[in-house]
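Grab a pencil and work through these short exercises with the structure open beside you. Try each task yourself before reading its solution.

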Amino acid sequence: MDYSEKEGQIKHESHDHPLAFVEDQTDQNKSVVCSGCREVVSGPYFSCVKCRYHLHKKCAEAPALISSHPFHRGHSPVLLRRTNSRSFKWYGCYICNEKRNMFVYRCLDCQFQIDIICALASFNIIPETYPTFNQYPHHHPLIFIETHHDELKRACCSWCQEPLEDSIYICIGCKFYLHKKCVNLPVEINNHPCHRKHPLTLSFDENYHYCKLCQQNNIGYFYSCSLCKFDIDIQCVWQNPIIEDKSCHEHPFTLFWRQDSFICNACGVKGNYVSYICSVCHLQVHKNCTTLPHTIKLTRHNHPLLHHYSLQQKQLEKRLCGLCLDEVEIEHGSYCCLQGDCKYIVHVNCVVENYVFYYIIDRLNPDEEPNASSSLLLDNSTSSSITRVIEKNELGEAIKIRHLFHEHDLILENKLNENDDIRCDGCMLSISTSFYYCSQCNFLVHKACAESSREKYNWFHLFSTTLTSYPVFRCSACLRLCSGFCYESSVMLFYLCLRCAAVTDTLNHHAHKHLLYFDLNFEGLCNACGGRVRSGAYRCKDCNFAVDFGCITLPHEARHKCDEHLLKLSYQEEIVDAEQNYCDICEEERNPNHWFYHCAACDSYAHPTCVFGKYSFIKVGATFTYEDIHPHALTTVQKTYDYPRCFKCGMPCRDSALECAECNYIVHWKCIDVIEN
């Protein structure tokens, strides 16, 4: 970090522009997030307002090199780096295992890496010299720490998997942490309330074991009866006798050991052995259900949802879950809309499993909502990105405007030559409907894209997103490299192209006769392309049908130089002709059961990937600077006749490439990794 001549500014190696010093946050910036540690900024910080890049003062002043870190003594120094390494995304922080996009320290000799929060905190808990203790059953000496002042609160005990609190033992040689109370656990338990006929023995298994009480698969230490194949996690062996949380339920819940199963009144799911009862309300629930949030705000619905233990209705009527579309049994617990005329309802477990899509509203202090999310209770969008209407026609339609992302006036046009292949500068799709154009340059944008709201709350993102424009970005939903307009989050690295921003969580699609809903946890193959789904899919609850986000956002019509007409997206051939099972672009065989583009007039067929390619949503002519690759500005080009050789791989540039106008430098997009997802 270098101080610039201009007072109050620094030049940090993590950012291209100078960062200005800010003494403290204003009320308008309470949701500003530090790009170094990904925590909400509090106290003094450095900021680049233009790029919305912020650093805590302590993160900006963190040492670039640590010569002898307490958890990594005897190795080369660890260096401060931004998280653009694939290994950190895969392995995470050495201490807390988190994989957030933040500053990390890395060892050049081995795979040791630790995020900036844990790196700086660990200096406060591990002295230069320390006593060690040999504790059963770990094979390395353990260090006893009386108090760590929450520096290790993000790490968990290796035995009970609970967060580290109070006094602990740690092993510097490996990621092994123990509560003091866990070190003193008995090796054997006799006459346990849920298994009285045999003793339970403390055991360890590197593979998953199934806890009979919490009904979860876990790794680590547990108590086991080998005769009955009865296993209990350490944290489940002795339950809290009373659980009381008035923000969730007005009365305390009391522990009730059982020898058989029960149906939980809070979520409607079967439970075993351990339950908690409320004698006032006559409720019997799982331990985890004693602290279900009373009121939540789900990103997929406009109104707050309230938890009910049961519902009554005067007529026979099926109530379908708004998340999974299965029936909700209203005699058991559910979340339903607070608005009297709205019948939106969801299963409790559907909400719990999709925890990234909601936040809790404190019913004791309903006005104190999270700053980053409170505005989710407002309308879904704010004002249009049209900054000024210059002229209207007799119907009141804006025919001449000024737009947020263009310096010239834009004029409305409804007609386009049928053979023109012109793309929208907002969504990068072919223009076939009303659009605005600039008479002074080549800027064109769909009327709908021009009217996009400046701020939007998307159903799969908890925080507000702001409309912006980039020459190149990677969409966080469809994972495509794109140009044009996108919605960006100021809280985390999240970019959403206009195509994905228009998709709802449930939809009807021409490819399937039933309603589709988005299932974040779906694992399987996509029916549209045959690829393996990695980050959720739209699926049908009645059929074995699922489509990933990339395929669900394919445009219904597209243009390609292989055909003079518009190609229409098709889903399955009615009459399968083996001679037509080939793509007219790549001339490779195609699966007739997968989606394809088709021209009925020319009887041509094409793979969707061949129609669009990997870089079709990047605008030809988009220019940006990336000094790690080349010192000059690079422009996206599509070579048609002359195929110069790529400076990286030496092969001809027949696909989309980046070219420098000042010299002869050119490189394939596929040969660089400019945009980290």
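**Exercise 1. Is E579 buried or exposed, and which surface patch does E579 help to form?**

Solution. Keep in mind that you're looking at a predicted model.
- Step 1: E579 has a relative accessibility of 70%. The cut-off for exposed is over 50%, so E579 counts as exposed.
- Step 2: Find E579 along the chain. E579 sits in the loop between β40 (563-570) and β41 (596-599).
- Step 3: Now look at the patch. E579 joins D577, D584, E587, E588, E589 and D603 in forming a negative surface patch.

**Exercise 2. Work out which strands stand at the edges of the open sheet of β35, β36, β37 and β38.**

Solution.
- Step 1: Write down the order. The four strands run β35-β36-β37-β38, and their pairing is antiparallel.
- Step 2: Count partners. β35 (506-507) and β38 (546-548) have a single partner strand each, so one side of each has no neighbour in the sheet. Those two are your edges.
- Step 3: Zoom in on one pair. β37 (residues 537-539) pairs with β38 over three bridges, in the antiparallel sense. Here R539 has A546 of β38 as its bridge partner.
- A reminder on what holds such strands together: strands of a sheet pair through backbone hydrogen bonds.

**Exercise 3. Which residue does R539 form a salt bridge with, and how far apart are the closest N and O atoms?**

Solution.
- Step 1: The partner is D519, with the closest N and O atoms 2.9 Å apart.
- Step 2: Place both ends. R539 is in strand β37 and D519 in strand β36 (residues 516-519), so this pair links distant parts of the chain, 20 residues apart.
- Step 3: Check the cover. R539 is partly exposed at 26% relative accessible area, whereas D519, at 14%, is buried.

**Exercise 4. Which parts of the chain does the salt bridge between D425 and K619 tie together?**

Solution.
- Step 1: The structure holds ten salt bridges. In this one, the D425 and K619 side chains meet at 2.5 Å, N to O.
- Step 2: D425 lies in the loop between β28 (410-413) and β29 (435-437), while K619 lies in the loop between α10 (608-612) and β43 (623-624), so the pair joins parts 194 residues apart in sequence.
- Step 3: D425 is buried at 8% relative accessible area, but K619 is partly exposed at 33%.

**Exercise 5. Which residues are linked with K447 in a network of salt bridges?**

Solution.
- Step 1: E397 and E451 are linked with K447 in the network.
- Step 2: Take the E451 and K447 pair: their side chains meet at 2.8 Å, N to O.
- Step 3: E451 is partly exposed at 36% relative accessibility; K447 is at 19%, which counts as buried.

Definitions and conventions
Residues are numbered from 1 along each chain as its sequence is written. This is a predicted model: local features need pLDDT of at least 70, side-chain atom pairs count only at pLDDT 80 or more; totals for chains, interfaces and linings use all residues. Side-chain values use heavy atoms; hydrogens and water are left out. Patches are made of residues with over 30% relative accessible area and no salt bridge: like charges are joined within 9 Å, nonpolar side chains (Val, Leu, Ile, Met, Phe, Trp, Tyr) within 5 Å. Accessible areas come from the Shrake-Rupley method with a 1.4 Å probe; for residues, only the protein chains shown count as cover. A salt bridge is a side-chain nitrogen of Lys or Arg within 4 Å of a carboxyl oxygen of Asp or Glu. Lys and Arg count as positive and Asp and Glu as negative; His and the chain ends are not counted. The place of a charge is taken as NZ of Lys, CZ of Arg, CG of Asp or CD of Glu. Buried means under 20% relative accessible area, exposed over 50%, partly exposed in between (1.4 Å probe, protein chains only). Two strands pair if DSSP finds at least two bridges between them.
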